Amino acid sequence: MSTVPTAPSTPLAIASASAPTPIPPRQWDIFCRVIDNYGDIGVCWRLAQDLAQRGQQVRLWTDDASALHWMAPQGCPGVQVRAWGGALAAHDAPTDVLVEAFGCEITPDFIAACAIQAGVRGQKPVWINLEYLSAESYVERCHALPSPVLHGPAAGWTKWFFYPGFTPATGGLLRETDLLARQAQFDRSAWRHAHVAECSTAANPAPAHGRWISLFCYEPPALPALLAQCAQADHPTRLLVTPGRATAATQAALAQIKHQNSLQAPPDKRNQLSISYLPPVPHSAFDEMLWACDLNLVRGEDSLVRALWAGQALVWQIYPQDDNAHHDKLQAFLDWLQAPPSLRQFHAAWNGIEALPLPSLDDATLHEWAVCIQAARTRLLAQSDLVSQLMGWCEQKR
Ligand SMILES: Cc1cn([C@H]2C[C@H](O)[C@@H](COP(=O)(O)OP(=O)(O)O[C@H]3O[C@@H](C)[C@H](O)[C@@H](O)[C@H]3O)O2)c(=O)[nH]c1=O
């Protein structure tokens, strides 16, 4: 049990310091409860893997590891996936850092075991509450605030609030040390040709030229309008539709358009839209899909970050909240992005915030959006990434 964050005891500038090198291997325990969708486990897996690739030992405790079968089938040396509620075995290394992701509460039994270990070692773990990503101003205010633990076996310990974010005064974004090298080696043209070879059929020929758009979304109200726009454009569009809600939404939108008779059902010369329905793929392949496209329609949290790193035009469908708190969150992101008016209008329509027409996706518009995203990416690359900051932070707090 802990209280709300209090004023920082140390200057906030400390939070954005780069990790000192070298940092000794520590034992990290990351806790992840899957609420819905794939973002919770997706973020936690990327965090676990990034830490392990920098020499750290990680146990990832989750109540639902099912998505890891396709998201990370290869696993990662240094990362163990454990079932939520499980206990530490006698031979397990004692924990150095506890990370509770997105406000999930670590079970009291686990904390009690950590407290016993800490008593024996004379060393408390660093306890981090890793928050959701937002560009809102409270993130800079609340990042790195302490919250004293008042009750229970860990009374007297401190929980630290760690906020990912887009500015130097926040915890930064996940960015693996080899990301830029992998991107530099990526051959977009070869990727597209391989995709075309894989999915072309006589009935559905897939041009490698034209515009490529990826679709990872919930149920955007403007999806029928986007599909109709692509179908009637004067150049071909290949739409890569991810599985699950994006596929269901696309099929429902196509049925609606067909019903309205604004799109001919079988592809012909008047239908410039060809669609690939994709299977679930591992993180590395998901990222490559984003690098291969001219426009990435993403959602949630993790895919937004990956689309920023991709550096192509992007549109974000934000996770909707009942009280419409996501409206301010989206606005803050677009402000940070310095989004041009057409990109703001597309977001308003795509997210169902205002009943505005979808701007036309002409070449000049997409180019303007890509320039905006690339400028944002450049700003982000000048900042310390989340894992560097987290590792440096934990060393200071030990
Ligand atoms: C479709 C697909 C996704 N992915 C991964 C990429 C991401 O790690 C993950 C998707 O996560 P997100 O982009 O965050 O979108 P999401 O909508 O799935 O997750 C959301 O879940 C809610 C509970 C949270 O409140 C949101 O903030 C957000 O995290 O799935 C693949 O690796 N391969 C695939 O084929």
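**Notebook: helix packing, domains and ligand shell**

H6 and H9 are roughly perpendicular to each other, because their packing angle falls in the band of 65 to 115 degrees. I looked this pair up in a predicted model, and the same caveat applies to every entry below.

**Entry 1: H6 with H9**

I read the angle between H6 (residues 188–199) and H9 as about 105°, with the axes 9 Å apart. I then listed the residues that make the contact. H6 brings Arg188, Trp191 and Arg192, and H9 brings Glu288, Trp291 and Ala292. Sorted by class, the contact of H6 with H9 holds three nonpolar and three charged residues, and no polar ones.

**Entry 2: H9 with H10**

I next followed H9 to its packing against H10. Here the angle is about 50° and the axes are 9 Å apart. H9 and H10 are therefore oblique to each other. I noted the crossing of H9 and H10 as right-handed. On the H9 side I found Asp287, Leu290 and Trp291, which meet Arg306, Ala307 and Ala310 of H10. The contact of H9 with H10 divides into four nonpolar and two charged residues, with no polar residue. I marked Trp291 of H9 in my notes, since it is listed in the contact with H6 and also in the contact with H10.

**Entry 3: H7 with H8**

I turned to H7 (residues 223–232) and H8 (residues 245–259), which pack at about 70° with their axes 9 Å apart. H7 and H8 are therefore roughly perpendicular to each other. I recorded their crossing as right-handed. From H7, the contact takes Leu223, Pro224, Leu227 and Ala228; from H8, it takes Ala249, Thr250, Ala253, Leu254, Gln256 and Ile257. I counted by class and obtained eight nonpolar, two polar and no charged residues for the contact of H7 with H8.

**Entry 4: the two domains**

I checked how the chain is divided and found domain 1 (12–172 + 384–397) and domain 2 (179–381). The centres of domain 1 and domain 2, taken over C-alpha atoms, are separated by 32 Å. I looked up the contact between them, to which domain 1 gives 15 residues and domain 2 gives 13 residues. On the side of domain 1 that touches domain 2, H1 and H2 (68–71) each supply at least two residues. H1 gives the most to that side, with four residues. By class, I found nine nonpolar, four polar and two charged residues on the side of domain 1 that touches domain 2.

**Entry 5: the ligand shell**

How many residues surround the ligand? I found 22, and the closest are Asn37, Gly39, Gly42, Gly300 and Ser303. Two or more residues of the shell come from each of H1 (39–53), H9 (283–292) and H10 (302–310). H1 provides the largest share of the shell, three residues. The classes of the shell are ten nonpolar, seven polar and five charged.

Where does the ligand shell lie with respect to domain 1 and domain 2? Both domains give residues to the shell around the ligand, so it lies between them.

**Entry 6: cross-references**

I returned to H1, which gives the most residues to the side of domain 1 that touches domain 2 and also the largest share of the shell around the ligand. I did likewise for H9 and H10, which pack at about 50° and which each give two or more residues to the shell around the ligand.

Notes:
Residues numbered from 1 in each chain as written. Predicted model: local features only at pLDDT ≥ 70, side-chain atom pairs only at ≥ 80, totals over all residues. Near = placed C-beta within 6 Å. Nonpolar A, V, L, I, M, F, W, Y, C, P; charged D, E, K, R; others polar. Domains from an automatic or database assignment. Contact = placed C-beta atoms within 7 Å. Axes fitted to C-alpha atoms, helices over the stretch in contact; angles between N-to-C directions. Parallel < 35°, antiparallel > 145°, perpendicular 65-115°, else oblique. Left-handed = near helix turned anticlockwise from the far one by under 90°.
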